[in-house]
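Student: I'd like a close look at one small part of this model, with the cut-offs spelled out as you go. Could you then connect that part to what surrounds it?

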Amino acid sequence: MLALTRKKDESIVINGDIEITIMEIKGDHVKVGIKAPKKVPIYRKEIFDQIQEENKEAMNTAAVKNLNDLL
């Protein structure tokens with residue numbers, strides 16, 4: 001993991017087409033702005049983890065249903 005220090009209104013660029021800017025800092029809260037191509041999905045980590053878990057559950061459910069259909 002790369003750890004960088006940034007101040008308000010400073011940015012980092014990833015892969016030449018994703019820009020992350022520090023918009024605001026209040027106490028222990030930081031507001032981050034992200035500019036990226038529309039094809040790049042952007043999720044908060046907890047939402048991404050939830051999507052991944054739901055996908056795993058759906059895959060397992062679908063696999064059991066398909067197996068039952070074969071029998």
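Student: What is the relative accessible area of Ala36, and which class of exposure does that give?

Tutor: Happy to. Ala36 has a relative accessible area of 28%, so it is partly exposed; buried means under 20%, exposed over 50%, and partly exposed in between, with a 1.4 Å probe and protein chains only. Before going on, a word on the basis: this is a predicted model, in which local features need pLDDT of at least 70 and side-chain atom pairs count only at pLDDT 80 or more, while totals for chains, interfaces and linings use all residues. Residues are numbered from 1 along each chain as its sequence is written, and side-chain values use heavy atoms, leaving out hydrogens and water.

Ala36 sits in the loop that runs between strand E3 (29–35) and helix H1 (45–70). Helices (H or I, at least four residues) and strands (E, at least two) are DSSP runs numbered from the N terminus. Along the sequence the pattern is β-β-β-α, that is, one helix and three strands.

What does Ala36 touch? Leaving aside residues up to four places away in sequence, Ala36 touches Asp17, Ile18 and Ile42, where contact means heavy atoms within 4.5 Å. Asp17 is 19 residues from Ala36 in sequence, yet their C-alpha atoms are 6.1 Å apart. For the protein, contacts with a separation of 6 or more include 0% between residues 24 or more positions apart.

Ile42 leads us to the surface. Together with Ile25, Val30, Val32 and Ile34, Ile42 makes a nonpolar surface patch of about 420 Å². Patches take residues with over 30% relative accessible area and no salt bridge, joining like charges within 9 Å and nonpolar side chains (Val, Leu, Ile, Met, Phe, Trp, Tyr) within 5 Å. Strand E3 gives the most to this patch, with three residues. Ile34 lies in E3 and is partly exposed, because its relative accessible area is 42%.

Val32 also gives us a route to Thr21, in strand E2 (residues 18–26). Among the residues that Thr21 touches are Val32, Lys31 and Ser11. The side chains of Thr21 and Ser11 make a polar contact at 2.7 Å; this term asks for a pair of N or O atoms within 3.5 Å, where within protein one must be able to donate a hydrogen and the other to accept it, and residues adjacent in sequence count only if both atoms are side-chain atoms. With a relative accessible area of 15%, Thr21 is buried, and buried residues make up 6% of the 71 residues in the protein.

Lys31, in turn, takes us into a network of salt bridges that also links Glu24 and Lys26. A salt bridge is a side-chain nitrogen of Lys or Arg within 4 Å of a carboxyl oxygen of Asp or Glu. The closest N and O atoms are 3.9 Å apart for Lys31 and Glu24, and 3.3 Å apart for Glu24 and Lys26. Lys26 is exposed at 56% relative accessible area, whereas Glu24 is partly exposed at 25%. The whole structure has six salt bridges.

Back to where the loop of Ala36 leads, helix H1: Lys45 and Asp49 both lie there, four residues apart, about one turn of the helix. They form a salt bridge whose closest N and O atoms are 2.7 Å apart.

Terms used:
Accessible areas come from the Shrake-Rupley method with a 1.4 Å probe; for residues, only the protein chains shown count as cover.
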